[in-house]
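Visitor: I would like to go through this chain with you, from its overall contacts to a few individual residues. Could we begin once it is on display?

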Amino acid sequence: MHDRGKSDRPVLPAKPPNKPGRPGAEAVEGRGLAEGNAASETRPGLRAGLSVSSDLDRVRQVARKDKDARFTALLHHVTVERLEAAYRAIRPGAAPGVDGVTWKDYGQDLEANLRDLHARVHRGAYRARPSRRVYIPKPDGRQRPLGVAALEDKIVQRAVAEVLCAIYECDFLGFSYGFRPGRSPHDALDALAVGIEKRRVNWILDADIRDYFSKLDHSWLGRFLEHRIADKRVLRLIQKWLRAGVIEDGDWSETIEGTPQGASISTLIANVYLHYVFDLWVHQWRGRRARGEMIVVRFADDAVVGFEHHDDAERFLADLRDRFAKFNLELAAEKTRLIEFGQFAAQDRKARGLPKPETFDFLGLTHICGKTKSGRFALKRVTNKKRLRAKLREVKTELMRRRHLPIPVQGQWLASVVRGHSNYYAVPGNIDAIASFRYQVARHWLWALRRRSQRSRLPWERMRRLERRWLPTPRIQHPWPSVRFNARTQGRSPVR
């Protein structure tokens with residue numbers, strides 16, 4: 001199954017928390033989930049691959065016990081059953097790739113199709129197809145390029161990602177949250193909030209990697225993967241997906257760097273790359289160079305690092321730029337900021353005659369230095385204004401398209417929109433923004449209904465009744481960060 005080989009991976013120094021006994025961020029301590037706590041409900045295969053099944057237990061056990069083990073035989077875990085599970089995890093309504101094959105079409109003769117696919121993968125006859133390039137709007141008005149893979153590529157990628165997750169989930173550090181099983185954006189937000197409130201954080205580095213998914217270096221990625229993967233067949237599969245290229249407006253173009261954002265394997269590849277380039281390096285830097293306390297939270301290519309001392313923060317930022325340059329990565333200068341932020345930031349800045357501390361955005365929430373009624377520091381988190389405006393524009397456009405549908409049909413759709421928005425943004429302290437979103441949705445609905453005809457004079461009083469009937473009442477749906485964070489990390493969880 002595996003062999004042992006010398007790895008050029010840096011040895012991690014073991015450094016205990018600066019204040020052992022105080023609640024601290026998982027970002028600092030690198031903890032896993034508390035034993036006995038259920039993982040968050042994530043549909044299998046959509047983000048982090050399928051849940052690791054019993055036939056991968058041996059792989060996971062070896063990966064956990066032997067950090068230098070290189071796995072020589074992995075492809076046999078890609079079975080017909082695993083391919084079928086990967087197929088069923090794909091969203092039936094997902095857009096087709098360049099081959100035009102839909103989920104429903106492929107399922108017409110599913111067993112025969114999967115057996116043929118399985119045979120091609122194992123005898124080396126499987127060929128990856130180019131991704132179909134599409135663009136989706138970003139909150140800042142720019143376009144985000146996505147790669148839509150062919151259906152069979154999606155199936156094989158999901159199955160391979162499941163196998164590889166059995167290994168890499170034993171390696172990834174605790175402050176890495178993006179696209180991992182049992183870890184949601186809110187877990188990352190909780191860890192960050194607890195770190196800021198409970199640790200001596202006075203400076204925040206909000207780091208953004210420029211065009212990360214399109215700049216990932218294939219040569220370095222291959223070397224990183226070989227630290228753990230010695231099965232040449234699996235490595236060749238990953239190379240096929242990376243080199244398949246993209247088709248845009250009918251023209252094929254080669255991909256010499258990067259990985260298609262949106263592909264099933266891309267999130268795992270992206271995490272592996274940053275595990276070696278960023279995570280292990282940050283862990284070493286904290287142990288060897290930081291004078292004061294330091295917290296880290298990374299979600300995919302977005303990272304927030306907190307520091308006790310300003311000179312630590314400046315040294316780290318300079319070293320991080322040098323580190324990224326070695327691996328074909330670059331910080332986005334316009335989005336990467338070092339700001340004074342934390343429990344004493346407001347009073348320290350006031351004493352120096354400076355305005356209130358700046359804010360920063362992370363995972364759709366703007367983080368603000370606030371106060372409780374008693375005057376103590378409290379981290380306030382509110383919906384990012386750009387995202388809020390972008391969402392309301394989408395609602396307004398869609399309402400005009402649906403304005404002639406029966407009101408109950410519109411009401412059911414709007415209820416799902418408001419409910420989905422609240423499910424993510426209804427964190428403690430953000431009730432005003434949640435209520436404002438609901439109110440603005442009602443206003444757009446009123447405007448759309450009045451546009452049904454020139455004679456329409458729908459009064460606001462009737463609109464209020466429709467609002468109460470269909471739109472869910474605003475309420476906080478998430479616990480305080482420390483409550484959920486402690487439940488996840490203060491049990492019998494081992495410290496990696």
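**Contacts, helices and single residues**

Guide: Of the contacts in the chain with a separation of 6 or more, where contact means heavy atoms within 4.5 Å, 76% are accounted for by residues 24 or more positions apart. This is a predicted model, in which local features need pLDDT of at least 70 and side-chain atom pairs count only at pLDDT 80 or more, while totals for chains, interfaces and linings use all residues. Residues are numbered from 1 along each chain as its sequence is written, and side-chain values use heavy atoms, with hydrogens and water left out.

Visitor: How many of the 496 residues, as a percentage, are buried?

Guide: Buried is taken as under 20% relative accessible area, exposed as over 50%, and partly exposed as in between, with a 1.4 Å probe and protein chains only. By that criterion, the buried share of the 496 residues in the chain is 50%.

Visitor: How are α14 and α15 oriented, roughly parallel or roughly antiparallel?

Guide: Helices here are DSSP runs of H or I with at least four residues, strands are runs of E with at least two, and both are numbered from the N terminus. The axes, which are lines fitted to C-alpha atoms over the stretch in contact, with angles running from 0 to 180 degrees between N-to-C directions, come within 11 Å for α14 (residues 385-402) and α15 (residues 407-425) and cross at roughly 170 degrees. Because angles under 35 degrees count as roughly parallel, over 145 as roughly antiparallel, 65 to 115 as roughly perpendicular and the rest as oblique, α14 and α15 are roughly antiparallel.

Visitor: Which residues of α15 make the contact with α14?

Guide: On the α14 side, the contributors include Arg-387, Leu-388 and Glu-398. The α15 side is formed by Gln-410, Trp-413, Leu-414, Val-417, His-421 and Tyr-425.

Visitor: Which side chain makes a polar contact with the side chain of Thr-383?

Guide: Thr-383 belongs to strand β13 (residues 377-383), and at 5% relative accessibility this residue is buried. Beyond its neighbours within four places in sequence, Thr-383 is in contact with residues including Leu-388, His-421 and Tyr-425. A polar contact is a pair of N or O atoms within 3.5 Å, one able to donate a hydrogen and the other to accept it within protein, and residues adjacent in sequence count only if both atoms are side-chain atoms. At 2.9 Å, the partner side chain is that of Asn-430.

Visitor: What is the relative accessible area of Asp-211?

Guide: Asp-211 is not a glycine, yet has a positive phi of about 45 degrees, and lies in the loop between β5 (203-208) and α8 (212-215). This residue is partly exposed, with a relative accessible area of 44%.
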